[in-house]
Amino acid sequence: MSLLNAASLNLVDLGAPVESGRRTPDELKALALDAAQALEGSSAEEIAKWATDTFGARFCVTSSMADAVVAHIFSRVSPGVDVVFLDTGLHFPETLKVRDTVARTMNVNVRSIRPRLTVGQQDGEYGPRLFARSPDECCFLRKVEPLERALADYDSWATGLRRDESPTRANTPVVAFDAKKGKVKVNPIAAWTEADVNRYISRWNVPVNELFKKGYGSIGCWPCTRRTKAGEDPRAGRWAMFEKTECGLHV
């Protein structure tokens, strides 16, 4: 649905930036529910524009830097937007290269958020190689808690989640209310396919993690990521020794 049609549902009025004070969780929830319906079928750019128009400085983009597609979309729609990257201390050099390229070449404000503990400090407090013994705990310390801290000053954030990535993401809405965080989650490319992503990357020459060319289907921290085999689900290479498919950021 176009933004003009969204306006006919009073979505634009409902989503107008708040001049003073912050929206309550109930207001944000109502806003998200209306937007999810009104914006389904809209382009990624329309969804991005709605998000930045609605939340202004209380909005950010999050990126794992597997690619910079969502960051690039928002850089075109809202130059100078904050892009939050969780620097776990365990990323591949190729991932950090994408982050640095985005910061250098795009009109965005990249914020690298680190865990409270360095990898060495975590080893000292929890024992070495926590990721191999308790990946959920490691993900919480190095991803989930840092994201919660990073989002404290925002009412909404965008992700690059897509419905075709895995069965657990098949019903991802373009806009949702995250009850745990009390914030609005925007997924502008939820309806895109991998082919759509590749077309966008080709058209705009968007930075992409070089590990995809080396057989990786999904890229996270190096200890918990392996190459995928032919025919495997792209996320099969994540936490391959555990019954785990998500780091906890999106559940």
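**Figure 1. Helix 3 and helix 4 are roughly antiparallel to each other.** In this predicted model, the axes of helix 3 (residues 25-39) and helix 4 (44-55) come within 12 Å and cross at roughly 155°, and because angles over 145 degrees count as roughly antiparallel (under 35 as roughly parallel, 65 to 115 as roughly perpendicular and the rest as oblique), the pair falls under that heading. Axes are lines fitted to C-alpha atoms, for helices over the stretch in contact, with angles running from 0 to 180 degrees between N-to-C directions; helices (H or I, at least four residues) and strands (E, at least two) are DSSP runs, numbered from the N terminus. The crossing of helix 3 and helix 4 is right-handed, a term for a near helix turned clockwise from the far one by less than a right angle, anticlockwise being left-handed. Leu-28, Leu-31, Ala-35 and Leu-39 in helix 3 meet Ile-47, Trp-50, Thr-54 and Phe-55 in helix 4, where contact means heavy atoms within 4.5 Å.

Residues are numbered from 1 along each chain as its sequence is written, and side-chain values use heavy atoms, with hydrogens and water left out. As the model is predicted, local features need pLDDT of at least 70 and side-chain atom pairs count only at pLDDT 80 or more, whereas totals for chains, interfaces and linings use all residues.

**Figure 2. An open sheet of 6 strands has mixed pairing.** The strand order is 3-2-1-4-6-5, with strand 3 (108-113) and strand 5 (175-178) as the edge strands, each of which pairs on one side only; two strands pair if DSSP finds at least two bridges between them. From one strand to the next, the twist averages 30°. Strand 5 pairs with strand 6 (residues 183-186) in the antiparallel sense over 4 bridges, and Val-175 stands opposite Val-186 in strand 6. Helix 3 packs on the sheet, where it touches strand 5 and strand 6, and its direction makes about 155° with that of strand 5. Helix 6 (residues 93-105) lies across strand 2 (81-86) and strand 3, running at about 145° to strand 3.

**Figure 3. The largest nonpolar core holds 40 residues.** Such a core is a set of buried Ala, Val, Leu, Ile, Met, Phe, Trp, Tyr and Cys residues joined through side-chain atoms within 4.5 Å, buried meaning under 20% relative accessible area, exposed over 50% and partly exposed in between (1.4 Å probe, protein chains only). Trp-50, Phe-59, Phe-74 and Val-175 touch the most other members, and the elements giving two or more residues to this core include helix 3, helix 4, strand 1 (59-62) and helix 5 (69-77). Not counting residues up to four places away in sequence, the contacts of Phe-59 include Ala-51, Phe-74, Val-81, Tyr-154 and Val-186. Apart from the core of 40 residues lies another, of 9 residues, among them Leu-147, Ala-150, Tyr-154 and Trp-157.

**Figure 4. Met-65 has a positive phi of about 65° although it is not a glycine.** Met-65 lies in the loop between strand 1 and helix 5 and is buried, with a relative accessible area of 0%. Arg-129, likewise not a glycine, has a positive phi of about 55° and is found in the loop between helix 7 (119-126) and helix 8 (130-133).

**Figure 5. Helix 7 and helix 9 are oblique to each other.** The axes of helix 7 and helix 9 (residues 135-150) come within 12 Å and cross at roughly 140°, in a right-handed crossing. Val-119, Gln-122 and Tyr-126 in helix 7 meet Glu-137, Cys-138, Leu-141 and Arg-142 in helix 9.
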